[in-house]
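Open the model in your viewer and keep the sequence panel beside it. This tour goes from one selection to the next and says what is there.

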Amino acid sequence: MSKTEGFFITFEGPEGAGKSSQVAMLTEYLSGLGRECVLTREPGGTEVAEVIRQVVKSYSGTEAVHPETELLLMEAARAQHMREKILPALKEGKIVICDRFADSTSAYQGGARNMPQQVIDYLNDYASAGRKPDLTILLDLPPEVGFRRISSRKSEGFDRFENEKLEFHRKVREAFRQIASREPERICMIDGTLDKTIIAEKIRKVVDVALF
């Protein structure tokens, strides 16, 4: 893809992998180089998609949220996000940095919820208008480590996904690793247990090669 058409970077990983910190550091780095960045997240990123995010992550009523419902809500949020924010920014030549994207759907709803991957692949492609990330940074670490990290800062409690059993999160991690093995040209997997400054330097080197 031509650099004038923008560049799409996504960050993936299990809970507590440090994505948010690395997204912020990469945005600061690229902005310092004079590149215009759009920072966003999934599910969410737009007014409509953030409403869906609240349902998907924080619903606490008595009615069950079925896996099929969860999947379709994720895709609905993505469809809005892509058309309202991501695609316009890419068309303007900006760098879009997104905290989670379609790989999370494949890992959480596919790998952990056991939804059919063929269905997920179709919905991911449809919701994203066929636009895949140019580069994906996957921060990999055991879920036990991730939850030790986030437990100290979660005084308000965990969301629906964080409340899942450890085995669920082991399946998420394994699904991410399998996705990375299938698409090594797009996905760069980095050890998420390293010091965050070391991780940030590794990410900068990968992004520099991809962009410059």
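Start with strand E1. Six of the six residues of E1 are buried, so this strand is largely enclosed by the rest of the structure. Keep in mind throughout that the model is predicted.

Show the side chains of E1 and look at its two faces. On one side are Phe-7, Ile-9 and Phe-11, and on the other are Phe-8, Thr-10 and Glu-12. Both faces are covered, and these residues are all buried.

**The sheet around E1**

Next, add the strands that pair with E1. E3 runs parallel to E1, and five bridges join the two. In this pairing, Phe-11 stands opposite Asp-99 in E3. E4 also runs parallel to E1, joined to it by four bridges. Here Thr-10 is the residue to select: it stands opposite Thr-136 in E4.

Now display the whole sheet. In what order do its strands lie? The order is E2-E3-E1-E4-E5, in an open sheet of five strands with parallel pairing. The edge strands are E2 (37-41) and E5, each of which pairs on one side only. From one strand to the next, the twist averages 20°.

Go to the E5 end of the sheet. E4 and E5 pair in the parallel sense over five bridges. Select Thr-136 again: it stands opposite Ile-187 in E5.

**Helices on the sheet**

Select helix H3 (residues 67-91). H3 packs on the sheet and touches E1, E2 and E3. Its direction makes about 160° with that of E2.

Then select helix H7 (166-182). H7 lies across E1, E4 and E5, and runs at about 140° to E4.

**The nonpolar cores**

Hide the cartoon and show nonpolar side chains. In soluble globular proteins, nonpolar side chains tend to be buried together. The largest nonpolar core in this model has 18 residues. The residues with the most contacts inside this core are Ile-9, Phe-11, Leu-26, Leu-30, Ile-203 and Val-207. Strand E1 (7-12), helix H1 (19-32), strand E3 (95-99), strand E4 (135-140) and helix H8 (196-211) each supply at least two residues of the core. Which of them gives the most? H8 does, with four residues.

Centre the view on Ile-203. Not counting residues up to four places away in sequence, Ile-203 touches Phe-11, Gln-22, Leu-26, Ile-137, Leu-139 and Ile-190. Apart from this core lies another, of 17 residues, including Ala-112, Leu-138, Ile-179 and Ala-180.

**A buried arginine**

Select Arg-186, in the loop between helix H7 and strand E5 (187-191). Is Arg-186 buried or exposed? Its relative accessible area is 6%, so Arg-186 counts as buried, the cut-off being under 20%. A polar contact of 2.9 Å joins its side chain to that of Asp-103. Leaving aside neighbours within four places in sequence, the residues in contact with Arg-186 are Asp-103, Lys-132, Pro-133, Asp-134, Leu-135, Thr-136 and Ile-179. Thr-136 is the residue already selected twice, opposite Thr-10 and opposite Ile-187.

**Salt bridges**

How many salt bridges does the structure hold? It holds 21, and three of them make a useful last stop.

Select Arg-41 and Glu-50. They form a salt bridge, with the closest N and O atoms 2.8 Å apart. Arg-41 counts as partly exposed at 34% relative accessibility, and Glu-50 counts as partly exposed at 22%.

Move to Arg-160 and Glu-70. This salt bridge has its closest N and O atoms 3.0 Å apart. The pair links distant parts of the chain, 90 residues apart: Arg-160 is in the loop between helix H6 (143-151) and H7, while Glu-70 is in H3. Both Arg-160 and Glu-70 are buried.

Finish with Lys-94 and Glu-92, whose side chains meet in a salt bridge of 2.9 Å, N to O. Lys-94 is buried, with a relative accessible area of 17%, whereas Glu-92 is exposed, with 53%. As a final selection, take Glu-70, Arg-113, Arg-160 and Glu-164 together: salt bridges that share partners join these four residues into one network.

Terms used
Residues numbered from 1 in each chain as written. Predicted model: local features only at pLDDT ≥ 70, side-chain atom pairs only at ≥ 80, totals over all residues. Heavy atoms only, no water. Buried < 20%, exposed > 50% of the residue type's maximum accessible area, 1.4 Å probe, protein only. Polar contact = N/O pair within 3.5 Å; in protein donor to acceptor, adjacent residues only side chain to side chain. Contact = heavy atoms within 4.5 Å. Core = buried A, V, L, I, M, F, W, Y, C linked by side-chain atoms within 4.5 Å. Pairing = 2+ DSSP bridges. Axes fitted to C-alpha atoms, helices over the stretch in contact; angles between N-to-C directions.
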